[in-house]
Amino acid sequence: MQTFKKSKQNMVSTGKRIQKITLAASLMFFGISCQSLAQQQVSERTITINMSASQLLPADLIIFNVTINAEAESPQEAFEIHKKRETLLAELLKEFDIEEEDIDYQPIRMNKRQQNNRYNANAENSYTTITNQSVSITFSDFSIYEDIQVTLIENDFDSFNGKFSSTKITEGKEKALIKAIESAKEKAELIAKTSGVTLGPVSSINFSDHEIGVPFRSDGMEMMAMSRDASMMDFSQMVSVTANVNISYFIE
């Protein structure tokens, strides 16, 4: 009987020791995990900088956007009006020696539109067909810009606009991006130095770029009344391209 009691006491004692060892091991593992997590959090501290930079380029191109449209009671009539205007524009571009690679266009779109009868609510619904087609033309001879617009207005075109651009856009975007990255790094170094930390390598970087052009619009009647000896197109213009970067740096 005494032997059984001693055996039971030994088992209880052994169980308690196992519990203590297990608890100690758990605490040790928890401590190691917390230490690893803390080290990971410290190593992943970052400084994030948003920066923009621009590059000015001489404007040596005009991008001219024209919308060919027509409206008539029947689809066939609307299509015929549209084709006449499309032919006129095509002939005009050939007259001014616009190269084929400098012309971008979309296929013609046709839609039916219901007309609202304000004065007779009981009247049957009537419909018209409208057409729409976008054409973009790029050219470097600024002297033809006003002549093209006048011709379009005289032939019932009512939707077009132009903006300056440059043959150096790609080069300008690269220069703007380099300036933005360099400025972001300078600012990050200043922040790190002032904060008493060391700037590490890049953690992540995102960027975008875009062109800023000022649309140039003129009223057709005013243009026809202007002196042909002088034009606003005689003054040089600049095109601005901008790069935006978002850079995160590790800090130590």
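A residue is called buried when its relative accessible area is under 20%.

**Figure 1. Overview of the predicted protein chain.** The model shown is predicted. By the cut-off just given, buried residues account for 27% of the 252 residues in the protein chain. The protein chain contains five helices and nine strands. Followed along the sequence, these elements appear in the pattern α-β-β-α-β-β-β-α-β-α-β-β-α-β.

**Figure 2. Surface and contacts of the protein chain.** About 17,500 Å² of the protein chain is exposed, and carbon and sulfur atoms supply 52% of this area. Contacts may also be sorted by separation in sequence. Of the contacts between residues at least 6 apart in sequence, 86% join residues that are at least 24 apart.

**Figure 3. The largest pocket and its centre.** The space in the largest pocket amounts to about 270 Å³. The lining of this pocket comprises 13 residues, and those closest to the centre are Leu-89, Ala-90, Leu-93, Ile-103 and Tyr-105.

**Figure 4. Elements that line the largest pocket.** Three elements, helix H2 (75-95), strand S3 (103-105) and strand S5 (126-139), each supply at least two residues of the lining. Helix H2 gives the most, with five residues.

**Figure 5. Residue classes in the lining of the largest pocket.** How many residues of the lining are nonpolar, polar and charged? Eight are nonpolar, four are charged and one is polar.

How values were computed. Residues numbered from 1 in each chain as written. Predicted model: local features only at pLDDT ≥ 70, side-chain atom pairs only at ≥ 80, totals over all residues. Heavy atoms only, no water. 1 Å grid on protein atoms, 1.4 Å probe; cavity = no way out; pocket = protein on both sides within 12 Å on 5 of 7 lines; lining within 4 Å. Points joined across faces, edges and corners; volume = space filled by probe spheres on them. Helix = DSSP H or I, 4+ residues; strand = E, 2+ residues; numbered from the N terminus. Nonpolar A, V, L, I, M, F, W, Y, C, P; charged D, E, K, R; others polar. Buried < 20%, exposed > 50% of the residue type's maximum accessible area, 1.4 Å probe, protein only. Contact = heavy atoms within 4.5 Å. Areas by Shrake-Rupley, 256 points an atom, 1.4 Å probe, with all protein chains shown as cover.
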